[in-house]
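I am opening a fresh page for this chain. I want to go through sheets, loops, backbone oddities and the surface in turn.

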Amino acid sequence: MADLEQWAHLWTLCFTLLCLWSGSAAQISYSILEEAEKGTTVGNITKDLKLNLQQLEITGLRITSARDKEYFDINRKSGILFVNERIDREELCPNAVKCVLNVEAIVNNPHGLHRIEIVILDINDNVPIFMEKEYTINMSELSYTGEKHPLPMAHDADEGTNSVKTYKLSPNEYFSLDVQDAGDQSVTAELVLQKTLDREKQSVIDLTLSAIDGAKPAKTGTVQLKIVLLDVNDNTPVFSKSLYKTQVVENAVIGTTLLTLTATDLDEGVNAQLVYAFADRRRFKSDENFAINTNTGVISVKGDIDYEKNQAFELRVEVQDKGVPPRLAHGKVLVEVIDVNDNAPEISVTSMMSPVKEDAEIGTAVAMITITDRDGGKNGLTDCKIVGAAPFKLNRNYKNYYSLLVDGPLDREAVSEYNISIVAADEGTPSLSSASVIQVKVADVNDNPPRFQEPVINIYVKENSQIGSVIYTITSSDLDSTDNAKVSYSLLNSGKNFIPASSVININSDTGDIVSLQTFNFEELKSFQFKVQATDSGVPPLSSNVTVNVFILDENDNSPTILAPYSEHGSVNSESIPYSAEAGYFVAKIRAVDADSGYNALLSYHLTEPKGNNLFRIGTSTGEIRTKRRMSDNDLKSHPLVVLVCDNGEPSLSATVSIDVVVVESTADIQTQFRHVPIKEDSFSDLNLYLLIAIVAVSVIFLLSLITLIAVRCHRTESSFSRYSAPMITTHPDGSWSYSKSTQQYDVCFSSDTLKSDVVVFPAPFPPVDAELISINGGDTFTRTQTLPSTEKVFHILN
């Protein structure tokens, strides 16, 4: 059976929770007097909850309560809530001002839960009761008129007006009653002597003390007072003060003396011996915190004194002599508790705003701070401040309420998080303090543009590189975070370019990879410039630019080209020399150019002759063909020569030209021909003009000197004429310009690239096979025993 009840209670609880979850809750309130008879109507739930009676019979309505007893029930046909059990307010709610029973009305379909509050009203069903049935008061027959004696207090279980409101004394000729009403506290009464007592007439006086409550009709409780008249001891002890005042420091050590009560008794002997004690201990609970020496009247600390719990104590004391009968006097002691600074301030943070944007204005509120101190007076006055350097300050709003404000510029890139130490100290002596750390995070704003490591980036790319290859990767850094640091790249054309950069290269906006869109040709494009813009993803976005110079590096992809007249198409390349030619006789000069630059355009000349023919030699760097010795009868009359011109690239490229050298008997048979090479009109620099003027002047002077020399020395005309050949000036579309004569040769190569020009000097009146190579700037010099280098620079750049 108990198990069934438990299951039923569990089912009711689950159903109640289901109703709480699914239905709507409403609350109504009723009131009913305690001790109401069973069946007494409390209220009409159906009407108050606006329920349909017909629907109620189908769906069902029941009442539940957390109490063990079912004090109320409901009529399921009429919806009337009625009393089901006897209700005793004093049993249900002892010492409570308001007694409330909560029940729940549960409707099954639709599910609904309705809370009902039933206030149990007090009725005057309790009689005032005294603790003792008889109370004895010993009084001396010499008691003076007006002497007071405290009387026992009655207790009434009822509350409010139904509790004890007054006291009455049975009619007599000796005593009256002084009733004291302390408001919220209980009503007390004292017995006042109105007439001198005479023990010889009456030694015991029997009185009845009645306690009356405030109900209508009122109820009364009584106690028998037995006044015993004592003889002889006719002087009552008297305190030196009617009211004692003292102070005690909280947390005082147990045993600390507060004060000493003093009283006097005019009697002698035993009747003058006094005993001190606390009076009315139950009400004032004096002996919990304090102790009194019965013989000396010294009051000392007995328990814990805490200012935060009690700021003052009221002690009732009494002194009684040892006479027979003893005489009694009452007094009062007020003990003021002096606060000690034993509570440190407490710091609490409310309304915290974190993170704070780094562009927050000065004065922006970050948090609200409250300082509390349970001490009083100066010990409860506090001051709060920030310890250490931080761009924040505390602003006092009201008393102990502060605001944490921004007091300086914030920079997340410098400091992303602040641990602000706050110290609160009171004004006590010694001062107590407490500290708290507030963590404030700084949120990023887009205040830093992307930055490149260098303002200008130089990229070197070999010509003929593969299309689509990555020639460089642009990188930048952004001090911001998240999207503010996410960088994308884009191309910007430079005003110095003749072609748009987007037609030559492309850039990956995410990675910064620069990809070539075409194959570069050094001979057509030697350099170009563009700008790259890096833009972050902040709002608004910030950007910065970097200038990119792309320099095309030359590769040896052009073979040497033989210049006119030997390069003329269909021409017969033949030269004549006299049989009497001396060793070193000038035969011809081969000129060639290479569209490449640097070492790839450094040319060398070589003869490929049949074996056994050692009549001719060629200057490796000048291209001049000369005789190595005098002619002999065994030499052939015609010598086919093949000149090989090689560049210094890797791999080396070459070109050849064939020349037939015919030996004639005398110089008269030699017809000197001045071959005029067509000059292409090309852009002429100032240096070229100055050199041309100088060469023309030198040539004129040379021709005049030559004519004079021929006239003076006619017999050497043939030899002189054969030794000096006519000067020749050539130009090349790539900007190469050469001046040559028998005594000295200048090869000045001006590249179309304005960044560099190559000047090579070959001084050789009668150069050997391997001519010397001299650097104008005083650089390396290669003698005839040295071979041309293949990996080191020979040309010096003149900027």
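**Entry 1: status and cysteines.** I note at the start that this is a predicted model. I looked for disulfides and found zero. I then looked up two cysteines. Is Cys384 buried or exposed? Cys384 has a relative accessible area of 7%, and it counts as buried because the cut-off is under 20%. Cys646 comes out at 15% relative accessibility, so it is buried by that cut-off too.

**Entry 2: an open sheet.** I traced a sheet of four strands. What is the strand order? I read it as E27-E33-E32-E29, an open sheet with mixed pairing. Which strands stand at the edges? They are E27 (356–357) and E29 (382–387). Each edge strand has a single partner, so one side of each is left without a neighbour in the sheet. As a reminder to myself, strands of a sheet pair through backbone hydrogen bonds, either parallel or antiparallel.

**Entry 3: E32 and E33.** I went on to the pair inside that order. E32 covers residues 417–426 and E33 covers residues 433–443. They run antiparallel and share nine bridges. For a register mark I took Ala424, which stands opposite Ser434 in E33. I then checked the loop between E32 and E33, where Pro430 lies. The peptide bond joining Thr429 and Pro430 is cis, with omega at about -5 degrees.

**Entry 4: E42, E48 and E49.** I moved to strand E49 (654–664). How many bridges join E48 to E49? I count nine, and the two strands run antiparallel. They form a hairpin with six residues between them. Pro640 stands opposite Asp660 in E49. E49 also pairs with strand E42 (residues 574–578), here in the parallel sense, over five bridges. On that side I noted Ile577 opposite Val663 in E49.

**Entry 5: the loop of that hairpin.** I looked between E48 (638–647) and E49 and found Pro651 in the loop. The bond from Glu650 to Pro651 is cis, with omega near 0 degrees.

**Entry 6: positive phi.** I searched for positive phi outside glycine. Glu35 has a phi of about 60 degrees. Where is Glu35 found? It is in the loop between E1 (25–33) and E2 (41–44). At 26% relative accessibility, Glu35 counts as partly exposed. Thr482 is another non-glycine with positive phi, about 50 degrees. Thr482 lies in the loop between E35 (470–473) and E36 (487–493). Thr482 is exposed, because its relative accessible area is 66% and the cut-off is over 50%.

**Entry 7: Glu200.** I placed Glu200 in the loop between E14 (187–193) and E15 (204–213). Is Glu200 buried or exposed? At 58% relative accessibility, it counts as exposed. I also took the separation of C-alpha atoms from Glu200 to Leu229 and got 9.4 Å. Those two residues are 29 residues apart along the chain.

**Entry 8: a nonpolar patch.** I finished on the surface. Which residues make the nonpolar patch? Leu689, Tyr690 and Ile693 make it, with an area of about 330 Å². I located Ile693 in helix H6, which covers residues 686–712.

Methods
Residues numbered from 1 in each chain as written. Predicted model: local features only at pLDDT ≥ 70, side-chain atom pairs only at ≥ 80, totals over all residues. Heavy atoms only, no water. Disulfide = S-S within 2.5 Å. Buried < 20%, exposed > 50% of the residue type's maximum accessible area, 1.4 Å probe, protein only. Pairing = 2+ DSSP bridges. Patch = residues over 30% accessible without salt bridge, like charges linked within 9 Å, V, L, I, M, F, W, Y side chains within 5 Å. Areas by Shrake-Rupley, 256 points an atom, 1.4 Å probe, with all protein chains shown as cover. Salt bridge = Lys/Arg side-chain N within 4 Å of Asp/Glu carboxyl O.
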